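Here's a look at how the inside of one protein chain is put together. Have the model open and follow along.

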Amino acid sequence: MKTGQSNMKLQKGFTLVEIAIVLVIIGLLLGGVLKGQELINSAKVKNFANDFRNVPLYIYAYQDKFRALPGDDTNVTTHVTGSTEATTPGTTGNGNIEGNWDSQTATDESALFWQHVRLAGLTTGGTSPATDGYYPTNADGGRVGVESRASDFISGLNGAYLVCSTGIQGKFAKQLDVTMDDGVHNTGSMQIVATNHTRGQAAGNGVPADDTTYTVCMAL
């Protein structure tokens, strides 16, 4: 009998109190994981937003210092040691940052924009378009760029300048639009387009999918 009673004691299961404690611990762990992921996502959106906020600061600071636009400066070699004056695609000194925001042509104004603001001490980074890492990237590794005439890239998006950041997941792109604009992907000063967006077309009507990557552009 003693042996049987001992086996019965060993086979006894968890009490309701013990199960409740385990469930509470699991709930706390899951809550911590979800909260941590939320903080990571918020930090990423904040980084994306800072990319858009910083570009106009570079433009206005450079203008204030040299009375010219970075990338479009005809006297940049005098203003900033070691710099290169743009030769494409238009005319320097005409008040426009010419060239596509994602151009990789080293002589374009939109490409040399980054060299000029860096050599002027307005931000950090490489100063030669020929080197890896010269073109700035966002928190997900997508290209960040600037050009003049917003409507040239997205029809109906008006502004003197256009700042774009690509490779952003839809869930972050939508949150970014809520943070910085009207929260609607195809209206306002910030709009979301497909990564392969055709230049000159409107943003379109399809709501961005959370796990698909997009290009987000803001007119200044």
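What follows is a short tour of the nonpolar cores, the disulfide, the aromatic pairs and one buried glutamate.

## The main core

Keep in mind that this is a predicted model. The largest nonpolar core has 28 residues, and the members that touch the most others are Phe52, Ile59, Phe113, Trp114, Val146, Leu176 and Val216. Helices and strands both chip in: α2 (16-66), α4 (109-119), β2 (161-169), α5 (170-180), β3 (190-194) and β4 (213-219) each give at least two residues. Helix α2 hands over the largest share, 7 residues. In soluble globular proteins, nonpolar side chains tend to be buried together.

For a feel of the packing, try Leu176. Setting aside residues up to four places away in sequence, Leu176 touches Val45, Phe48, Ala49 and Phe52, along with Ile168, Asp181, Met190 and Val216. Two of these partners, Phe52 and Val216, also appear among the core members that touch the most others.

There's also a second, separate core of 11 residues, with Leu162, Val193, Ala203 and Ala219 among them.

## The disulfide

The structure has 1 disulfide. Cys164 and Cys217 form it, with their sulfur atoms 2.0 Å apart. The torsion about the S-S bond is about 110°, so this disulfide is right-handed.

Where do the two cysteines sit? Cys164 is in strand β2 and Cys217 is in strand β4, so the pair ties together parts that are 53 residues apart in sequence. Both cysteines are buried.

## Aromatic pairs

Searching the whole structure turns up 6 aromatic pairs. Take Tyr58 and Trp114: their ring centres are 6.5 Å apart and their planes are at 80°, so the pair counts as edge-to-face. Tyr58 belongs to helix α2 and Trp114 to helix α4, and the pair links distant parts of the chain, 56 residues apart. Tyr58 counts as buried at 13% relative accessibility, and Trp114 is buried too, with a relative accessible area of 4%.

Another edge-to-face pair is Trp101 with Phe153, at 5.9 Å centre to centre and 80° between the planes. Trp101 lies in the loop between α3 (76-79) and α4, while Phe153 lies in the loop between β1 and β2, so here the pair ties together parts 52 residues apart in sequence. Trp101 and Phe153 are both buried.

Ring pairs also join Tyr58, Phe113 and Trp114 into a cluster. Phe113 and Trp114 are the same residues listed among the best-connected members of the largest core, those that touch the most others. Separately, a charge meets a ring where Arg118 lies over the face of Tyr134, at 5.1 Å from the ring centre.

## A buried glutamate

Is Glu147 buried or exposed? With 2% relative accessibility, Glu147 counts as buried. The residue sits in strand β1 (residues 144-148).

What does the Glu147 side chain have for polar company? One of its polar atoms lies 2.8 Å from the backbone nitrogen of Trp101. Beyond neighbours within four places in sequence, Glu147 is in contact with Ile97, Gly99, Asn100, Trp101, Asp152, Phe153, Ala160, Tyr161, Leu162 and Arg199. That list takes in both Trp101 and Phe153, the two partners of the edge-to-face pair described above. Leu162 is in the list too, and Leu162 is a member of the second core.

Notes. Residues are numbered from 1 along each chain as its sequence is written. This is a predicted model: local features need pLDDT of at least 70, side-chain atom pairs count only at pLDDT 80 or more; totals for chains, interfaces and linings use all residues. Side-chain values use heavy atoms; hydrogens and water are left out. Helices (H or I, at least four residues) and strands (E, at least two) are DSSP runs, numbered from the N terminus. Buried means under 20% relative accessible area, exposed over 50%, partly exposed in between (1.4 Å probe, protein chains only). A polar contact is a pair of N or O atoms within 3.5 Å; within protein, one must be able to donate a hydrogen and the other to accept it, and residues adjacent in sequence count only if both atoms are side-chain atoms. Contact means heavy atoms within 4.5 Å. A nonpolar core is a set of buried Ala, Val, Leu, Ile, Met, Phe, Trp, Tyr and Cys residues joined through side-chain atoms within 4.5 Å. A disulfide is a pair of cysteine sulfur atoms within 2.5 Å. Rings of Phe, Tyr and Trp (its six-membered ring) pair if their centres lie within 6.5 Å; planes under 30 degrees apart count as stacked, over 60 as edge-to-face and the rest as tilted. A charge sits over a ring if NZ of Lys or CZ of Arg is within 6 Å of the ring centre and within 35 degrees of the ring normal.
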